[in-house]
Structure formats: C-alpha cells, structure tokens
Number of protein chains: 2
Amino acid sequence: MVGLVIVSHSAKIAEGIREFALELTKPDQRILAAGGLGDGALGTDATRISAAIEAADSGDGVVVLVDLGSGVLSAETALEFLDPQQAARTRIADAPLVEGAIAAAVEASVGAPLAEVVQAAEDARELHKR
Amino acid sequence: MVGLVIVSHSAKIAEGIREFALELTKPDQRILAAGGLGDGALGTDATRISAAIEAADSGDGVVVLVDLGSGVLSAETALEFLDPQQAARTRIADAPLVEGAIAAAVEASVGAPLAEVVQAAEDARELHKR
C-alpha cells in the first residue's frame, strides 16, 4: 500500500491533515506528518521529511504532499538523503495540500499503485468546490 | 481590512492555518478558524461559521476558505444566518484551503479590497509548486 507524507510549515496543519485522512482510510494506511521545525517553529525540515518517508514506505512507494514552494525544496533535499531505490519510488505531488492529501489517502487505501495515487492528488487541483 | 474565515472539517487544520497566516500578516488582521464540530468531531457547522464571519468582519467584508465540498454547503447555510448586508460582503472562495488562505491573508493584510482578496485566493489554484 502506497504511503503518504504530509509536509507543512506548520506542525499543527500537518498533524490535522494526518488525523483527518486517517478517518477516511483503513487502519493500516501509513500517513506520516512532517510539519514545522523540531522546536515548534514554522518551517520545513528535510531530515524530518526523509525520516517520515522511510516510515511511510512499505515497499510500494510514497507520495509527498507539500503546502508551499519552499517546502518542495525541503522535500527534494529529503529525497537526496534516502536510499536511491527508496527515492526512486517517492513522488512529490504537485497538488493542493489538504485536498490532495485526502484524495491520495482514499486512493492509496484501496490499494492503488503509486502513479494512480499521485494522479488522484494532482486531480484535486482541478476540483471546483462549487 | 478584509477578514478571513478558515473552514475545515478538522479544528486542528483550521487553527493551524489561522496561526500560520497570522505569522505572515499584521497583528490586527482578522483571521478566524471555524473547524470541526463543537464536540471535537470532524465536520463543519454553519452556526460556528456564521459566528466566525461576524467576528472577522470589520465592515470591509470577509473571504471564507473551505476545505472540501460539503464544507461549502455549511458556509452557504451560514450566509443565510447573517444580516443580509453582511452576507452581501462575504465571499466563499473557490480555492485550495491552505494555499488560498495564505495568499488571501497576505493580500488582505496590505489593505486590498474584497474582490482582490478573493482573486488572490483563487489564483492559488493555478500555482504550480515546481
């Protein structure tokens, strides 16, 4: 089952999304929050993100959702810290954080492969709410 | 100054976004969180949303950001609870929650009028993160 990592500048946002997404998925779905800096300040931390990717990966790959552009840089740095095989099955989705994470979680939870989970997240960009 | 209301099914997500956005704005920027149900459960509550809109409105109007489609229904119901003049200067943005809220907060904080704050939120839909 594809795992998810939720990257936000805010630990509270990342953890809130993790909890929300877990309500919609099977109990064994791996969703890790990597929000904020270690000291509770706002920011993103490549070391925390790479640890979350390792914990989220069951072998089927990981989709990383990010809130803002500077978080993408941290996520890209995080990939460099990983074993190359693990990095190769990790994707950073170009998707809105909350909406993409929920869509990806539902897709991952039914056993969809990596490419389809990424697509579900990125399709959330096109969702019109009204 | 245009006020913001952050509506999420999760109280933690809404509060996290409020805190994050306030870090990027002037101290007098009004940003209210209306997340979850009163008892801490996941969901959206029109009564809480309408109270948040009233508290966010300084007379210049309010932009409401919402996470998922069912939250839009609650926000629309909330508008019906308001004084018609206040409802008329409240807009529900068709925007990604985190990204739209951050963009709208920055725009509102520099004194932009209602239509421009809505536009800033909705332009966040087009942001490619990479």
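**Strand S3 of chain A.** I began with strand S3 (residues 62-66) of chain A in this predicted model, and found that five of its five residues are buried, so the strand is largely enclosed by the rest of the structure. I count a residue as buried if 20 or more other C-beta atoms lie within 10 Å of its own, as exposed if 12 or fewer do, and as partly exposed in between, with C-beta atoms placed from the backbone. Strands and helices here are DSSP runs numbered from the N terminus, E of at least two residues for strands and H or I of at least four for helices. I then looked at the two faces of S3(A) and noted that both are covered, with A:Val62, A:Val64 and A:Val66 buried on one side and A:Val63 and A:Leu65 buried on the other.

**A note on conventions.** Residues are numbered from 1 along each chain as its sequence is written, and chains are lettered from A and ligands numbered from 1 in the order in which they are written. As the model is predicted, local features need pLDDT of at least 70 and side-chain atom pairs count only at pLDDT 80 or more, while totals for chains, interfaces and linings use all residues.

**Partners of S3(A).** I take two strands as paired if DSSP finds at least two bridges between them. Strand S1 (residues 3-8) of chain A pairs with S3(A) in the parallel sense over five bridges, and A:Ile6 stands opposite A:Leu65. Strand S4 (residues 90-92) of chain A also runs parallel to S3(A), joined to it by three bridges, and here I found A:Val64 opposite A:Ile92.

**A:Val64.** I looked up this residue of strand S3 of chain A and found it buried, because 30 other C-beta atoms lie within 10 Å. Leaving aside neighbours within four places in sequence, I listed its contacts (C-beta atoms, placed from the backbone, within 7 Å): A:Val64 touches A:Val5, A:Val7, A:Ile53, A:Ala75, A:Thr90, A:Arg91, A:Ile92 and A:Ala93. I also checked A:Ile102, 38 residues apart from A:Val64 along the chain, and the two C-alpha atoms are separated by 12 Å.

**Chain A overall.** I recorded six helices and four strands in chain A, which follow the pattern β-α-β-α-β-α-α-β-α-α along the sequence. The radius of gyration, taken over C-alpha atoms, is 13 Å, close to the 14 Å that the globule rule (2.2 Å times the number of residues to the power 0.38) gives for 130 residues, so chain A is as compact as a globular protein of that length. The C-alpha trace spans about 35 × 35 × 25 Å along its principal axes, and buried residues make up 53% of the 130 residues. Of the contacts in chain A with a separation of 6 or more, 74% join residues 24 or more positions apart.

**The sheet of chain B.** Turning to chain B, I found an open sheet of four strands in the order S2-S1-S3-S4, with parallel pairing. Its edge strands are S2 (31-35) and S4 (90-92), each of which pairs on one side only. Within the sheet, strand S1 (residues 3-8) and strand S3 (residues 62-66) of chain B pair over five bridges, and B:Val7 has B:Val66 as its bridge partner.

**Where the chains meet.** I noted that 26 residues of chain B are in contact with 26 residues of chain A. Helix H1 (11-23), helix H3 (69-81) and helix H5 (97-109) of chain B each supply at least two residues of the side that touches chain A, and H1(B) gives the most, with eight residues.

Definitions and conventions. Contact = placed C-beta atoms within 7 Å.
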